[in-house]
Amino acid sequence: MQPNLRTEIAGLRLRNPTMLSAGILGMTGRSLRAVWDTGAGAVVTKSLGLNPRKGYPNPSVVDVGCGFLNAMGLPNPGVREFLDELKTAHSDQVTVIGSIYGGSPEEFAETADVLRKSVDAIELNVSCPHVKEVGVEIGQNPELVETVVSRVRKAITLPLFVKLSPNVTSITKLAQAAERGGADAVVAINTLRAMAIDIETCRPVLGNKVGGLSGPAIKPVALRCVYEISQTVKIPVIGCGGISDWKDAVEFLLAGARAVQIGTAVAYHDLSVFKEVTSGLERYLLRKGYAGIGEIVGLSH
Ligand code: DHB
């Protein structure tokens, strides 16, 4: 019998456990739709704020060999403007998660409220590593995380995810804060603060000097975070960080993730990664005699 790839997170039913992560191909309705069509179980938008943001000057992305370093500066047209894109992306068949950021609990709540009818779940980005006042200053502070989450919780009934930063002393404390605030799941992890320097110009490469590192380099860090968080909180964990093939996805499920997000691998290779992961997962479950992915979630503990 064919193994069951379906999974469920806080009532959000997914056809398979893969998702497009925030920040990659999530800027238009058409690109979100294209990723869905290649087999992703859900797609996450680029992080949206209440007002438009231009972002940082270029260069904003650099390939550092072991992954990508990026500092885009949260460019986006503003949540209201983006609703038109969601008309193209979202339907009963297509599962879309809206990623949002904000400068205060009220701003987060208002942004979530604007998106409410156009997405299937909300993911709070409290972990952008380099944009002042809307990023990791929130995500490094458990009290603030709890306040933001509980404020958004009051504003919407949709499944609510919180994307956590690895740039902290104890990520489990932040996961517990998200859980106390009423989050339905946590996403672990966002990018690691990092930089690159051009040895000819003797200057930092990125326009913003410091950015966030993603891709294969951060996979073991992300896996450790998922492992620790899933031992600490009761809400589901969604793994994110350097997942490039089905074996990586299996590792994250074994560590305790109920779904995985894929971003850098899409940019590094192409959109075939979703099919590669889901068919590899299916073969793995069949070979091991498991009926569904639920049977391997957290099995390494
Ligand atoms: C950006 C946002 C993030 O959350 C992140 O991890 C990296 C970059 C950005 O838009 O610059």
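Biologist: What share of the 301 residues of the protein chain counts as buried?

Modeller: This is a predicted model. Of the 301 residues in its protein chain, 55% count as buried. Buried here means under 20% relative accessible area.

Biologist: What radius of gyration would a compact globule of 301 residues have, and what does the protein chain have?

Modeller: The globule value is near 19 Å. The protein chain has 18 Å, so the two agree. Along its principal axes, the C-alpha trace spans about 55 × 50 × 40 Å.

Biologist: How many helices and strands are there in the protein chain?

Modeller: There are 10 helices and 16 strands. Let us take helix H10, residues 273-288. Its 16 residues reach 22 Å from first C-alpha to last, close to the 22 Å expected at 1.5 Å a residue.

Biologist: How do I read the sides of a helix?

Modeller: An α-helix has 3.6 residues a turn, so residues three or four places apart point the same way.

Biologist: Which residues of H10 are buried?

Modeller: Val273, Phe274, Val277, Thr278, Gly280, Leu281, Tyr284 and Leu285 are the buried residues of H10. Down the axis of H10, they fall within an arc of 165 degrees, so they line one face of the helix. On the other side, Arg283 and Arg287 are exposed.

Biologist: What do the buried residues of H10 pack against?

Modeller: Their partners are strands S3 (18-20) and S16 (257-262), and helices H1 (29-37), H8 (246-255) and H9 (264-268).

Biologist: Which residue follows H10?

Modeller: Gly289 does. Its phi is positive, near 80 degrees.

Technical notes: Residues are numbered from 1 along each chain as its sequence is written. This is a predicted model: local features need pLDDT of at least 70, side-chain atom pairs count only at pLDDT 80 or more; totals for chains, interfaces and linings use all residues. Side-chain values use heavy atoms; hydrogens and water are left out. Helices (H or I, at least four residues) and strands (E, at least two) are DSSP runs, numbered from the N terminus. The expected span of a helix is 1.5 Å times one less than its number of residues. Buried means under 20% relative accessible area, exposed over 50%, partly exposed in between (1.4 Å probe, protein chains only). The arc is that of the directions from the helix axis to the C-beta atoms. Contact means heavy atoms within 4.5 Å. The radius of gyration is taken over C-alpha atoms; the globule rule is 2.2 Å times the number of residues to the power 0.38.
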